[in-house]
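Student: Could you take me through one part of this protein in detail? I would like a close look at a single residue in its surroundings, with the whole fold as a backdrop.

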Amino acid sequence: MIHVYHKGTDANQPTLVLFHGTGGNEQDLLPLAELLAPGASVLGIRGNVLENGMPRYFRRLAEGVFDEEDLIFRTHELKQFLDVAAAQYGFDADNLVAVGYSNGANIAGSLLFHYGNLFRSAVLLHPMVPLRGLAIPSLNGVSVFIGAGTNDPLIRAEETRDLEQLLQGAGAEVTSHWGNQGHRLSAAEAEAARDWLNRNSK
């Protein structure tokens with residue numbers, strides 16, 4: 001998978017795994033990673049699917065309607081890539097933090113739904129429920145930050161609350177931050193995620 005890896009200056013920090021939104025690339029969330037955890041190692045991954053020339057992590061049938069078969073396939077593909085990358089770059093596969101926006105937040109959520117504590121923490125910015133009716137493995141010990149918009153035109157508030165409940169039901173500790181910037185990632189949301197991550201890294 002096309003990716004970028006930057007080795008950090010602080011070996012005690014987790015490695016941040018970055019998942020961009022539709023039309024983004026492996027570089028998109030590097031400035032956000034620097035804000036969230038200066039000095040941390042960073043792995044940015046480009047989605048392997050193209051939609052009208054725009055990179056994504058999995059196909060969709062329509063706006064908000066996921067191709068679930070492809071989502072599951074791509075989730076397993078990403079897990080295999082993370083295993084390979086950990087061996088290649090020498091980062092601790094047991095000390096990862098997912099950072100995903102929109103489509104990237106959905107694939108990060110799917111990785112949690114399939115692999116449980118693959119990530120120690122996850123920052124999910126404007127996510128949806130990746131899959132319903134799935135037996136989610138234990139998420140005990142996993143902390144999740146959800147950034148949501150009260151006026152997000154793509155994601156209803158009920159969708160966000162469903163995701164909260166599914167994650168909490170599997171044992172995750174969930175913190176949600178609600179803004180009013182629509183589907184956009186705002187500075188206030190990024191700063192709230194940074195403060196949350198600082199508290200959870202202690």
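**A close look at Val 144**

Tutor: Let's start with the whole, which is a predicted model. For 202 residues, a compact globule would have a radius of gyration near 17 Å; the protein comes out at 15 Å, which agrees. Along the principal axes, its C-alpha atoms fill a box of roughly 40 × 30 × 30 Å. The protein has 5 helices and 11 strands, and 53% of its 202 residues count as buried. Among contacts with a separation of 6 or more, 69% join residues 24 or more positions apart.

Now to Val 144 itself. This residue sits in strand E10, which covers residues 143-149. Buried means under 20% relative accessible area; Val 144 has 0%, so it is buried. Leaving aside residues up to four places away in sequence, Val 144 touches Leu 112, Ala 122, Leu 124, Leu 167, Ala 172, Glu 173, Val 174, Thr 175 and Trp 196. Phe 113 offers a distance for orientation: 31 residues from Val 144 in sequence, it is 12 Å away in space, C-alpha to C-alpha.

Next, the core to which Val 144 belongs. The largest nonpolar core has 41 residues, and Val 144 is among those that touch the most other members, along with Val 17, Phe 19, Leu 43, Ile 45, Phe 119 and Leu 167. At least two residues of this core come from each of strands E2 (15-19), E3 (42-45), E8 (96-101), E9 (121-125) and E10, and likewise from each of helices H2 (68-89), H3 (103-115) and H4 (157-169). Apart from it lies another core, of 22 residues, including Leu 18, Ala 40, Val 123 and Phe 145. Leu 167 thus appears twice in this picture: as a contact of Val 144 and as one of the core residues that touch the most other members.

Helix H3 deserves a look too, through Asn 106, which is placed there. Asn 106 has 5% relative accessibility and therefore counts as buried. Not counting residues up to four places away in sequence, Asn 106 touches Phe 58, Phe 66, Pro 127, Met 128 and Pro 130.

Finally, the outside. The protein exposes about 9,000 Å², of which carbon and sulfur atoms supply 47%. Its side chains include 15 positive and 23 negative ones, with the centres of the two sets 2 Å apart. Back inside, Val 144 is the residue to keep in view, with its relative accessible area of 0% and its place in strand E10.

How values were computed. Residues are numbered from 1 along each chain as its sequence is written. This is a predicted model: local features need pLDDT of at least 70, side-chain atom pairs count only at pLDDT 80 or more; totals for chains, interfaces and linings use all residues. Side-chain values use heavy atoms; hydrogens and water are left out. Helices (H or I, at least four residues) and strands (E, at least two) are DSSP runs, numbered from the N terminus. Buried means under 20% relative accessible area, exposed over 50%, partly exposed in between (1.4 Å probe, protein chains only). Contact means heavy atoms within 4.5 Å. A nonpolar core is a set of buried Ala, Val, Leu, Ile, Met, Phe, Trp, Tyr and Cys residues joined through side-chain atoms within 4.5 Å. The radius of gyration is taken over C-alpha atoms; the globule rule is 2.2 Å times the number of residues to the power 0.38. Accessible areas come from the Shrake-Rupley method with a 1.4 Å probe; for residues, only the protein chains shown count as cover. Lys and Arg count as positive and Asp and Glu as negative; His and the chain ends are not counted. The place of a charge is taken as NZ of Lys, CZ of Arg, CG of Asp or CD of Glu.
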